[in-house]
Amino acid sequence: MLYGLSLLAGIVLLTLGGESLIRGAVAGARRVGVSPLLTGLVVVGFGTSAPELVVSIDAAINQQPDIAVGNIVGSNIGNILLILGLCAIICPMAVQPLALRRDGLVVVLASLLFIILSFSGSLGRVDAAIFLAGLIGYLVWAYLSESRNHIPAADMHASEAEEMTKLPTTGWMIAIALIIGLGMLIGGSQLLLFGAIGLAQAMGISEAVIGLTIVAVGTSLPEMAVSVIAALRRHADVAVGNILGSNIFNLLGILGISAFLQPLPIVERVVIFDQWVMLGAAGILVLFLYTGMRLSRWEGATLLAGYAAYIALSFSIF
């Protein structure tokens, strides 16, 4: 019970901390005159991935690589199969394929890059440098292409920033929101890891499974909140763009930072199973978006069914 309560408390603190950090960062960006495009592309993108960042770095530093890697891979799987599946069932999502072509391609390429680099059995500082260079290249490409040409993707990223309401309005309120958010993230990550590791040991389940499932879902709640709200408001491009952007940041940014701080061995089940599910989920999403220009309810149900099957296999076969 102690481990379970610790896990739940950690998830709550991570969710609230991520929300506070995003709102403070977006308000600060507006205050200093950062464009909505850059705010949506960088601030919101990094902000919604803040729980994954803190948890994976904490796990890496504390010699828990299975949770550090599992959190990222599991989050990317859950973002597509669980969150977008849920959003599409709530409201069928018409999207602009041209607006998402770049980000969809980058998600697939980033997943392939992870697979290639993980074949060695671990991710070291050279691999981290490759991931981080890829992230910088993506951000420069995205910003330059969207700022020079008025394309739907620019409106999408600007709308991501504008989705944030009830932001702090004064400098001291912004500072408090950032400090509280960061403190909640750090405290929440400690509680989450304590509960997750304790549950894994008590139930005889590997840390990798806990990281790929429970920890991954817990750290993905900010993405779920932003995407579900966008779906309810009929802002499908924001919902899908948020997930694609988050997956890019998770793989290239968070995994890159974590591997740079501490080399990460890759557990065998990730190599033979989970990384292929991650790649398959990205490929199916891109296929759905490009062929039908929308995510229908049956496609959302297909994604959710895929996630249910993935969870069942995670706790049975693996």
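Tutor: The expected span of a helix is 1.5 Å times one less than its number of residues, and with that yardstick we can begin reading this model, which is a predicted one.

Student: How many helices and strands does the chain have, and what percentage of its residues is buried?

Tutor: The secondary structure comes to 13 helices and 4 strands, and of the 318 residues in the chain, 56% are buried. Among the contacts with a separation of 6 or more, 87% join residues that lie 24 or more positions apart.

Student: What does the span of helix α9 come to, set against that of a straight helix?

Tutor: Helix α9 covers residues 207-219, and whereas a straight helix of 13 residues would span 18 Å, the end C-alpha atoms of α9 are only 16 Å apart. For α3, by contrast, which has 12 residues, the reach from first C-alpha to last is 16 Å, close to the 16 Å expected.

Student: Why can α9 be called largely enclosed by the rest of the structure?

Tutor: The reason lies in burial, which here means under 20% relative accessible area: 10 of the 13 residues of α9 are buried, so the helix is largely enclosed by the rest of the structure. The buried residues of α9 are A208, V209, I210, G211, L212, T213, V215, A216, G218 and T219.

Student: How is the packing of α9 against helix α13 to be read, and which residues make the contact?

Tutor: Two packed helices are described by the angle between their axes and the distance between the axes. Here α9 and α13 (residues 297-316) pack at an angle of about 140°, with their axes 9 Å apart, which makes α9 oblique to α13. The contact is made by V209, L212, T213 and V217 from α9, together with Y307, Y310, I311, S314 and F315 from α13. The crossing in which α9 passes α13 is left-handed.

Student: At what angle do α3 and α4 cross, and how far apart are their axes?

Tutor: The axes of α3 (residues 50-61) and α4 come within 7 Å and cross at roughly 155°; since angles over 145 degrees count as roughly antiparallel, that is the description that applies to α3 relative to α4. On the α3 side the contact involves E52, V55, S56, A59 and A60, and on the α4 side P65, I67, A68, N71, I72 and S75. This crossing of α3 past α4 is left-handed.

Student: Is α3 mostly covered or mostly open?

Tutor: α3 is mostly covered, with 10 of its 12 residues buried; among them are P51, E52 and D58, as well as V54, V55 and I57.

Student: What is the sign of phi at Q63, and where is this residue found?

Tutor: Most residues other than glycine have a negative phi. Q63, although it is not a glycine, has a positive phi of about 60°, and it is found in the loop between α3 and α4. With a relative accessibility of 52%, Q63 counts as exposed.

Student: How many residues does the largest nonpolar core have, and which have the most contacts inside it?

Tutor: In soluble globular proteins, nonpolar side chains tend to be buried together. The largest nonpolar core in this model has 77 residues, and F114 and L255 are those with the most contacts inside it. Helix α4 (residues 65-90) gives the most to this core, contributing 13 residues. Leaving aside residues up to four places away in sequence, L255 touches V69, I72, F114, L123, F131, N250 and L264.

Notes. Residues numbered from 1 in each chain as written. Predicted model: local features only at pLDDT ≥ 70, side-chain atom pairs only at ≥ 80, totals over all residues. Heavy atoms only, no water. Helix = DSSP H or I, 4+ residues; strand = E, 2+ residues; numbered from the N terminus. Buried < 20%, exposed > 50% of the residue type's maximum accessible area, 1.4 Å probe, protein only. Core = buried A, V, L, I, M, F, W, Y, C linked by side-chain atoms within 4.5 Å. Contact = heavy atoms within 4.5 Å. Axes fitted to C-alpha atoms, helices over the stretch in contact; angles between N-to-C directions. Parallel < 35°, antiparallel > 145°, perpendicular 65-115°, else oblique. Left-handed = near helix turned anticlockwise from the far one by under 90°.
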